[in-house]
Amino acid sequence: MYDSIFDNAISALKHEGRYREFANLERLAGRFPLAIHRGPDGARDVTIWCSNDYLGMAQHPTVTEAMVARVTASGAGAGGTRNISGTSHPIVELERELADLHGKEAALVFTSGYVSNDATLSTLGKLLPGCVFLSDEMNHASMIEGIRRSGCTKQIFRHNDMADLERRLAALPLDVPKVIAFESVYSMDGDIAPIAEICDLAKRYSAFTYIDEVHAVGMYGHRGGGITEREGLADRVDLIEGTLAKAFGCLGGYVTASAACIDAIRSHASGFIFTTALPPAIADAATASIRYLKSSQAERDQHQATVAATRAALTARSLPVMDSETHILPLFVGEPELCKKAADMLLKQHGIYIQPINYPTVPRGTERLRITPTPLHSAVQINDLATAIDTVWTALSLPRDVAVSGPAEVAAPIPAHRSGG
């Protein structure tokens, strides 16, 4: 009985062209962005073009050596929750490094970026009686879930639409606690929030600002502090959330804010209190990555050059690269089954791995391939990518003249959130 229900649920996904298959990949240190794909026809080398290890730091000697040294010194696991087993010194050092990165008084580390958003937003709602959340319609699923679990009233404002946000803020009493939750870089379109304008509105209407910088930390700013650092706005944002699992190449999520805010979250967030801590080796590796990227601009400069070269190679072949202000290059397809077919052909025929992005990660009709160049992709690999995609686009008769000016317009007066990630 139960298996038939599960089978029907999977059949529905397959019928819609949304069934997700995970490629069996083995990354090898020193060879990134190459990896071994172990498929039905055996093992073969493939080039990864959709990794969130944006700078290749997961295999940087500074990071791996720090991890190995700490495993040797302290073992593999954390031993339990921080409440029960105590806080390992490497996590103390990591939180100091994160607070310094964003110019905040304190930081708190979680086991993932999803958990840090979910636990923190749900806890903020419980700490602020009568709180109203104002959430960008394109926010990640982890933010949506945290706001939902807070039990608070929420209003969803149109993506990056400051007039809509102000209209909603102005309609609320000034003394009602308000949290504006938004991202700096939106990971599926590559666009950036108008952070300064949001901070202006927050000051005018007495709101608390919460920004998710997971796709920007390590990547932007003179020390890798994200878009808020690049634009000199970190001090104007009340809470900055980030991840250790993307540009820093490790694992974990975190929040940084005032000492009082962080202590309140630490003391009340069940997603923190009842979860085993990060292993010391991961904490040391993350600290090493952050310290390295605070002082080295070379990776960020090379990364931007690779992104520009990749965009130029794709547009030169009239491929529909969507407008993006950042390192994320979405390639418009617009149909789930064709999106998967394109990804399958790239992998099987050309040794190029790009995961198809379908609903609910993006709205229906905006299905795409999401390309994320790294500093380690060579000019030869860029040319191979563009040539392969051009061949696949021709073989599948995919559109090349689609209007690709960014996020899809949503006509509803109060748009629904998308799911992310």
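# Cysteines, sheet and helices

Trainee: In this predicted model, how far is the sulfur of C199 from the closest cysteine sulfur?

Mentor: The closest cysteine sulfur belongs to C261, and it is too far from the sulfur of C199 for a bond. A disulfide would require the two sulfur atoms to lie within 2.5 Å, whereas the distance from C199 to C261 is 15 Å.

Trainee: How many disulfides does this rule give?

Mentor: C250 is in no disulfide either, since the nearest cysteine sulfur, that of C50, is 19 Å away. With the cut-off at 2.5 Å, the count of disulfides comes to zero.

Trainee: Is C199 buried or exposed, and is C250 buried or exposed?

Mentor: The relative accessible area of C199 is 4%, and that of C250 is 16%. Because buried means under 20%, C199 counts as buried, and C250 likewise counts as buried.

Trainee: Which strands stand at the edges of the seven-stranded open sheet?

Mentor: The strand order is β4-β10-β9-β8-β7-β5-β6, with mixed pairing, and the twist averages 20° from one strand to the next. An edge strand here has a single partner, so one side of it is left without a neighbour in the sheet. The strands in that position are β4 (106-110) and β6 (153-157).

Trainee: Which residue stands opposite S135 in β7?

Mentor: Strand β5, residues 132-136, and strand β7, residues 178-183, pair in the parallel sense over four bridges. Across this pairing, the residue of β7 opposite S135 is A181.

Trainee: Helix α6 packs on the sheet; what angle does its direction make with that of β7?

Mentor: Helix α6, residues 141-150, touches β5, β6, β7 and β8. Its direction makes an angle with that of β7 of about 165°.

Trainee: Which residues of α10 are buried?

Mentor: Helix α10, residues 259-268, lies across β4, β8, β9 and β10, running at about 25° to β4, and the cover over its buried residues includes these strands together with α5 (113-127). On the other side of the helix, A260 and H268 are exposed. The buried residues are C261, I262 and I265. Seen down the axis, they line one face of the helix, because they fall within an arc of 95°.

Trainee: How many of the 16 residues of α12 are buried?

Mentor: For α12, residues 280-295, a span of 22 Å is expected at 1.5 Å a residue, and the end C-alpha atoms, 23 Å apart, agree with that. The helix is mostly covered, and the number of its 16 residues that are buried is 13.

Trainee: Within what arc do the buried residues of α15 fall?

Mentor: The buried residues of α15 are Q381, I382, L385, A386, A388, I389, V392 and W393. Seen down the axis of α15, they line one face of the helix, because they fall within an arc of 165°.

Trainee: Which exposed residues are carried by the face of α15 turned away from its buried side?

Mentor: Helix α15 comprises residues 379-395 and is followed by S397, whose phi is positive, near 55°. The exposed residues on the face turned away from the buried side are A379, V380, T394 and A395.

Trainee: Which residue of β14 stands opposite F332, and also opposite I357?

Mentor: Strand β14, residues 368-371, is covered on both faces. It pairs in the antiparallel sense with β11 (329-332) over four bridges, and two bridges join it, also antiparallel, to β13 (356-357). The β14 residue opposite F332 and opposite I357 is R368.

Technical notes
Residues are numbered from 1 along each chain as its sequence is written. This is a predicted model: local features need pLDDT of at least 70, side-chain atom pairs count only at pLDDT 80 or more; totals for chains, interfaces and linings use all residues. Side-chain values use heavy atoms; hydrogens and water are left out. Buried means under 20% relative accessible area, exposed over 50%, partly exposed in between (1.4 Å probe, protein chains only). Two strands pair if DSSP finds at least two bridges between them. Axes are lines fitted to C-alpha atoms, for helices over the stretch in contact, and angles run from 0 to 180 degrees between N-to-C directions. Contact means heavy atoms within 4.5 Å. The expected span of a helix is 1.5 Å times one less than its number of residues. The arc is that of the directions from the helix axis to the C-beta atoms.
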